[in-house]
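Reader: I'm new to this, so please pick one part and walk me through it closely. Keep the sentences short.

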Amino acid sequence: MEGFEQFIGVNFWTMIFAWCNLLILYFILRKLLFKPIMNMIESRQKEIDDIYEKAEEYRTDAAKTKAEYEWKLDQVKAEGEEYLKNTVKLARKKEEEILKEAGERAERTLKRAEEQIELERKRAVNEVKDEVSGMAIEIAAAVIERDIDEAEHKALIDSFISGMGE
Amino acid sequence: MDINITGPKIYFTIPIFGGINVTQTMVSLLAVTILVTVVAFILTRKIEKRPSGKQVIAEKLVGMLTDMVVETMGAHNKRFVPFIGTLFVSSMLGSLIGMTQIFRSTTADLSTTAAWAIATILVVWYGNIKNFGLLTWLKGFTEPIPLLTPMNIISEIATPISMAFRHFGNVAGGGVLMTIVYGALSGLSSLVFAWLPEAVIEFIPPVFQVGIPAVLSIYFDLFSGFVQALVFSLLSMVYIGMANPPREEIQKNK
């Protein structure tokens, strides 16, 4: 029972068959091809996005840490400089103090020595005066051969000697 | 030589419902379905995150189609990708399968293209009713002025008809042209070799049928098949896309 359909014509059963095929193919392709591939592409895209996001995060973190460390380094450097400056200043002050103290001490010692010398001199002069006055009295006594009242004339002689000694 | 331009051959008739004719088109449709299923199965047998070989092809195909759908219909209509893809693949392979000479192009049968066009228009109408409501959609036919209502209705009905006939006409016309060219070339060879004795002519192959039809076949079968598949799915995309606008626009129109 062979024959041909019309060249331009619509066969209802062929249409039904075409619909069925379209529907079956639709479900097969959706299940087999589109869903899994689209899901795969999407999940891969997500993974790549995640990786990039993470990389960006790490980069920002690294930059932050770097800035932090640089800041700290600067801080330490500044602190060191400050410390050095302070130390030098302190040392200068100490040096000055020591110098000043040494000068003062030297001066004091010198003054005391001068005083001592003066004192010694005075003592020596007095001693000499005493001796000379004694000697003069003795000499005078011997010369005059007369007992001079030592006590009576001492003042006279002293004044004489002190006028001489000066 | 006789040139017969006929519809698809009827293999046999199932004697129910007033006789169901099993035609070449049905066999070709089944062949396309099986072919596509097998190819899809092979392409997606082992899907991995790091694609290799055939998975790259499958992803490229799906990606291209998705890009096309997103470009034409918007990203919110991504769910129509499988439908458009099925239409495109069915149409393309349906046209190309005619080149095997074993099967007849499914799209050279108006029944097939009409079925697809009706399927598309049903999806469009479903989208319209779902998104805008039946009344709003019907009211849309009376715009911009009620006088144009018959025109609008005709244009709505004409849409699937024109889609079906465009596709059918291109493929069937190409087939007819190829048949005529083959016939003409066969006539040409018998004309050129007419001086030979009749006993010899029977053994001479139709030499002019070699080469020349191949060039035409590239256009009428390959190119036309591809372009018509593209046009059909593009029109479907446009119509379905118009029936499924972005959510904000639906809210605005309500």
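Author: Take the hairpin of strand 1 of chain B and strand 2 of chain B. Five residues sit between the two strands, and one of the hairpin's residues, B:F17, takes a positive phi near 50°. This is a predicted model: local features need pLDDT (the predictor's confidence in each residue, from 0 to 100) of at least 70, side-chain atom pairs count only at 80 or more, and totals for chains, interfaces and linings use all residues. Residues are numbered from 1 along each chain as its sequence is written, while chains are lettered from A and ligands numbered from 1 in the order in which they are written.

Strand 1 of chain B covers residues 9-14. Strand 2 of chain B covers residues 20-23. Both are DSSP runs: strands (E) need at least two residues, helices (H or I) at least four, and numbering starts at the N terminus. The two strands pair in the antiparallel sense over four bridges. Pairing requires at least two DSSP bridges between strands. Now find the partners. B:I10 faces B:T23. B:I14 has B:I20 as its bridge partner.

Look at the two faces of strand 2 of chain B. B:N21 and B:T23 lie on the covered face. B:I20 and B:V22 lie on the uncovered one.

The hairpin belongs to an open sheet of three strands, in the order 1(A)-1(B)-2(B), with antiparallel pairing. Its edge strands are strand 1 of chain A (3-4) and strand 2 of chain B, and each pairs on one side only.

Next, follow chain B to helix 6, residues 149-192. It has 44 residues and reaches 61 Å from first C-alpha to last, close to the expected 64 Å (1.5 Å times one less than the number of residues). A kink of about 30° lies at B:A158, shortly before the proline B:P160. That bend is the angle between axes fitted to the seven residues ending there and the seven starting there.

The buried residues of helix 6 of chain B include B:P160, B:H167, B:F168 and B:G175. Buried means 20 or more other C-beta atoms within 10 Å of the residue's own, with C-beta atoms placed from the backbone. The buried residues of this helix pack against helix 3 (81-96), helix 4 (110-132) and helix 8 (212-243) of chain B.

How confident is the predictor? Chain B has a mean pLDDT of 83, and 96% of its residues reach 70 or more. Within chain B, helix 4 is highest at 90, and helix 7 (residues 198-201) is lowest at a mean of 70. The model scores ipTM 0.82 and pTM 0.70.

Conventions:
A residue is buried if 20 or more other C-beta atoms lie within 10 Å of its own, exposed if 12 or fewer, and partly exposed in between; C-beta atoms are placed from the backbone. Two residues are in contact if their C-beta atoms, placed from the backbone, lie within 7 Å.
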